[in-house]
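Here's a quick briefing to read alongside the model. Have the sequence and the 3D view open, and we'll go topic by topic.

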Amino acid sequence: MLTLQDQFKQDGYLVLADFNSEASCDLLMKRAQELAAGYNYEGHASIFQTNEQTRTSDDYFLASGDKISYFFEKDAFTESGELKGDLFHSLNKIGHALHDLDPIFNQFSRSPQLIKLAGDLGLNGYVLIQSMMIFKHARIGGKVDIHQDASFLYTEPTSCIGFWFALEDATIENGCLWAKPGGHKTPLRDWFKRKNGGGTEMISLHNAPFEPAEMIPLEVKKGTCIVLDGLLPHFSMPNTSGRSRQAYSIHTIDKNCRYPEENWLHCDRAALKGFV
Ligand code: FE2
């Protein structure tokens, strides 16, 4: 009988059903909706509507590491820069410091069962560095291309581990995660980093193919926690269904590993906290 830690080392991911109660999932979705309702989009509208959209949205993104910031689906706007639908249903995600800045998200991110899981996986010295509320709204929720999370939270050596919480049932139709068991035993392909002179770039570290044909859908029920090794390639399809696929994710790194300044996410690393 494999321990959880052995299973995780073997497959590069874990699927833990009934990890969070339905009530705690509902509370988090309600809180996200409240945050979105309080978002002063008009005050930020210029970020998304100027001719310099790429640069200004890059700046907004690069400053979001220690804030609660709001990101839209790419098809949310008309050509003239107006929102096609209501604000909430136009959002792709909220990030990236919900776990530290919002009490409800903080509580969810440091639940007793998560503290126990981190202990079972031997994650001593790990700190929470990023969180995202991902909406994947019905019909507009876009695809997420194949990637490894360690590309976005690069450390030396690689240490990134993600926790992905299904707040609603995730199915093939509404855009569940896909991954290949054991796929984490392959090198880190890319590094998403700050570019000299501003902006960001994805640089190639290794050209091994991702082999999407060997990936399987991880269809899970509301309340499930999926633990993801930072090297595990994964992706999700667009949501073509009439139901949203809301999820919350947090990412952790070993605070003793080197974290280059060129990483996109900047925060006060000395202040980063663990699960307790
Ligand atoms: Fe990911």
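A cavity here is a set of grid points where a 1.4 Å probe fits but cannot get out, and its volume is the space filled by probe spheres set on the points. Keep in mind that this is a predicted model. With that in hand, the largest cavity comes out at about 50 Å³.

**The cavity**
- The count comes to one cavity of 30 Å³ or more.
- Who sits around the largest cavity? Its lining is made up of K180, G183, T186, R189, F210, E211, M215 and P233.
- Sorted by character, that lining splits into three nonpolar, two polar and three charged residues.

**The iron site**
- Three residues coordinate the iron ion: H147 through NE2, D149 through OD and H234 through NE2, at 2.1 to 2.2 Å.
- Along the chain, these donors follow the spacing H-x1-D-x84-H.
- Strand β5 (residues 144-147) holds H147 and strand β12 (residues 234-236) holds H234, so this pair ties together parts that are 87 residues apart in sequence.
- Are the two histidines, H147 and H234, buried or exposed? Both of them are buried.

**Cis peptide bonds**
- Most peptide bonds are trans, so cis ones are worth a look.
- One cis bond runs from G95 to H96, with omega near 5 degrees, and H96 belongs to strand β3 (residues 91-96).
- Another cis bond joins E156 and P157, where omega is about -5 degrees. You'll find P157 in the loop between β5 and β6 (161-166).

**Positive phi without glycine**
- Most residues other than glycine have a negative phi.
- K136 goes the other way: it is not a glycine, yet its phi is positive at about 45 degrees. Look for K136 in the loop between β4 (126-134) and β5.
- Why does K136 count as buried? Its relative accessibility is 4%, and the cut-off for buried is under 20%.
- E211 also has a positive phi, about 55 degrees, although it is not a glycine. E211 sits in the loop between β9 (200-204) and β10 (216-218), and it turns up in the lining of the largest cavity as well.
- With a relative accessible area of 36%, E211 is partly exposed, because that class covers values between the 20% limit for buried and the 50% limit for exposed.

Notes. Residues are numbered from 1 along each chain as its sequence is written. This is a predicted model: local features need pLDDT of at least 70, side-chain atom pairs count only at pLDDT 80 or more; totals for chains, interfaces and linings use all residues. Side-chain values use heavy atoms; hydrogens and water are left out. On a 1 Å grid over the protein atoms alone, a cavity is a set of points where a 1.4 Å probe fits but cannot get out, and a pocket is an open set with protein on both sides within 12 Å along at least five of seven lines; lining residues have an atom within 4 Å of a point. Ala, Val, Leu, Ile, Met, Phe, Trp, Tyr, Cys and Pro count as nonpolar, Asp, Glu, Lys and Arg as charged, and the others, Gly among them, as polar. Donors are N, O and S atoms within 2.8 Å of the metal (3.2 Å for Na, K and Ca); water is not among the atoms, so sites may look incomplete. Helices (H or I, at least four residues) and strands (E, at least two) are DSSP runs, numbered from the N terminus. Buried means under 20% relative accessible area, exposed over 50%, partly exposed in between (1.4 Å probe, protein chains only).
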